[in-house]
Amino acid sequence: MTTKANTEAPKATQTKQITEYDGDTPAKLNHDMFSLKKFRWGNMSVYDFRLLLMIAQQANSEQSETVERTKYVVDLDTVIEYLGFGEESSRHIAAKEIISYIKGFMGKTLEVIDPEEGEWDLWTWCNHVKVSEKNRKVSFQMTSAAAPLIAQVARYSMIKPANIAKLDTPYKQILYSYFRDVVNRSRIIAIEVEMMQLKAYLGLEDSYNDKDG
């Protein structure tokens, strides 16, 4: 039998308010998240990634050992903006639709790899999410596994939510974030790609003329 005691999230030690959309302040994500030897993004959607950046903006300034005990309380209209629907759309989107995106984020798996041992650690990002339609508030509580990836990270990639909101597939988001990580780690970047590969990658096999440069 399930009891109330073992279904409740860990009690929060602090509460942080997110009251407005901040698209231009970069969120810092741990550099290890962009290493294929250490991390897999799994099946994160575009909306999951945007919600992660929303929380990371706040978590970056907190102690990593307490971030999982922090409750983030966000205005529902602000969540809608971070999801990329825009301020003008806030009142026209059904709360149930927004809740479906939030539920998806809560259920996503964090996949951390130990290549030497050949082991994978599978965690969820969130301990608890609560949505109040009456007060138009959403609260998030992250897990301990998420803490070192989004709080007080020493080696990180800086990603602006406003830039991510322009990308409409998970592949674009991850690829963009990966190159942002490369830029953060190096002042000089040299990339060598075969023309045939580049044309295929960009879908330009039939429309690009080599003779014209």
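1. Two strands count as paired if DSSP finds at least two bridges between them. In this predicted model, β3 and strand β5, which covers residues 109–114, are joined by two bridges and run in the antiparallel sense. The pair therefore meets the cut-off of at least two bridges.

2. One contact across the strands can be placed by residue: R40 lies opposite E111, a residue of β5.

3. The sheet as a whole is open and has three strands, in the order β3-β5-β6, with antiparallel pairing. Its edge strands are β3 (39–40) and β6 (119–124), each of which pairs on one side only. As background, the strands of a sheet pair through backbone hydrogen bonds, and the pairing is either parallel or antiparallel.

4. The aromatic rings deserve a separate look. The structure holds nine aromatic pairs. One of them joins F34 and W41: the ring centres are 5.8 Å apart and the planes meet at 45°, a tilted arrangement. This pair counts as tilted because its angle is neither under 30 degrees nor over 60.

5. F39 and W41 form another aromatic pair, this one edge-to-face, with 5.3 Å from centre to centre and 75° between the planes. The label follows because planes over 60 degrees apart count as edge-to-face.

6. Are these residues buried or exposed? Both F39 and W41 are buried. For W41 the relative accessible area is 12%, so W41 falls under the 20% limit for buried residues. F34 has a relative accessible area of 10% and is therefore buried by that limit too.

7. F34, F39 and W41 also belong, with F49, to one aromatic cluster.

Methods:
Residues are numbered from 1 along each chain as its sequence is written. This is a predicted model: local features need pLDDT of at least 70, side-chain atom pairs count only at pLDDT 80 or more; totals for chains, interfaces and linings use all residues. Side-chain values use heavy atoms; hydrogens and water are left out. Rings of Phe, Tyr and Trp (its six-membered ring) pair if their centres lie within 6.5 Å; planes under 30 degrees apart count as stacked, over 60 as edge-to-face and the rest as tilted. Buried means under 20% relative accessible area, exposed over 50%, partly exposed in between (1.4 Å probe, protein chains only). Helices (H or I, at least four residues) and strands (E, at least two) are DSSP runs, numbered from the N terminus.
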